[in-house]
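Colleague: Could you walk me through this one?
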Amino acid sequence: MDYEKHFHLSVFGQLESLIQPLGCDSKSVYARYEIITGADWELVSGSRTGVTQNSSTSRKRFHTVALNMPLEFTYKSTNPFGWPQIVVSLWGMNFWGNEVCRGYCRFHIPLPQRNVRSSVLAPIITPKPMDFCSQFIGWFTDWSPELRDSSVLAHGNRSKGIHTQSYGHLEASFDVLTRGSEALQLEWNV
């Protein structure tokens with residue numbers, strides 16, 4: 001039977017909102033997400049990547065952008081090494097009408113808990129220019145440095161040397177279920 005070799009991790013949740021204390025840099029923002037796992041993890045159902053709708057801030061709450069993007073996926077694995085992480089990149093239009101990256105988030109899927117919905121607050125980070133000239137050009141053109149591959153944030157050894165600044169956070173909530181972990185003698189102690 002498959003349960004003797006693997007355990008299943010089912011995740012049901014949503015990317016709820018972005019909170020930026022001084023307001024959003026763009027009139028509207030959307031998010032692209034990617035689920036990064038270790039080599040032993042296999043996607044059983046759901047999607048590894050996705051894009052939210054274009055969302056804008058409200059006049060009364062200019063610092064909050066509601067995303068309300070549902071996430072549902074199931075993975076199977078033989079061990080917890082490479083636990084799933086979600087990397088989110090936020091995109092919007094700049095002053096000149098060009099689509100630019102407004103920031104990145106990264107967080108692990110929470111461990112399963114009994115009868116409790118898990119909440120995550122992930123900081124939004126943006127890469128910083130390396131010198132004053134690049135910083136001035138970025139300010140003048142409303143363009144900030146972008147990562148070629150946002151999945152480098154999920155790998156600690158590959159993200160060394162990236163200078164970032166934090167601005168706001170992303171709120172997400174999840175219901176996490178496991179099946180077959182007892183047969184592999186895995187205890188989550190939560």
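Modeller: Sure. A polar contact here is a pair of N or O atoms within 3.5 Å; within protein, one must be able to donate a hydrogen and the other to accept it, and residues adjacent in sequence count only if both atoms are side-chain atoms. This is a predicted model, so local features need pLDDT of at least 70 and side-chain atom pairs 80 or more, while totals for chains, interfaces and linings use all residues. Residues are numbered from 1 along each chain as its sequence is written, and side-chain values use heavy atoms, with hydrogens and water left out.

Colleague: Which side chain does S10 join in a polar contact?
Modeller: S10 sits in strand 1 (strands are DSSP runs of E, at least two residues; helices are H or I, at least four; both are numbered from the N terminus). Its contacts beyond four places in sequence include F73 and D175 (heavy atoms within 4.5 Å). The polar contact spans 3.2 Å, and the partner is T74.

Colleague: Is S10 buried or exposed?
Modeller: Buried means under 20% relative accessible area, exposed over 50%, partly exposed in between (1.4 Å probe, protein chains only). S10 has 16%, so S10 is buried.

Colleague: Which residue stands opposite S10 in strand 10?
Modeller: Strand 1 (residues 7–19) and strand 10 (residues 164–179) run antiparallel, joined by 11 bridges; pairing takes at least two bridges in DSSP. Opposite S10 stands L177.

Colleague: And what is the bridge partner of L121 in strand 10?
Modeller: Strand 9 (residues 118–127) also runs antiparallel to strand 10, with nine bridges. For L121, the partner is E171.
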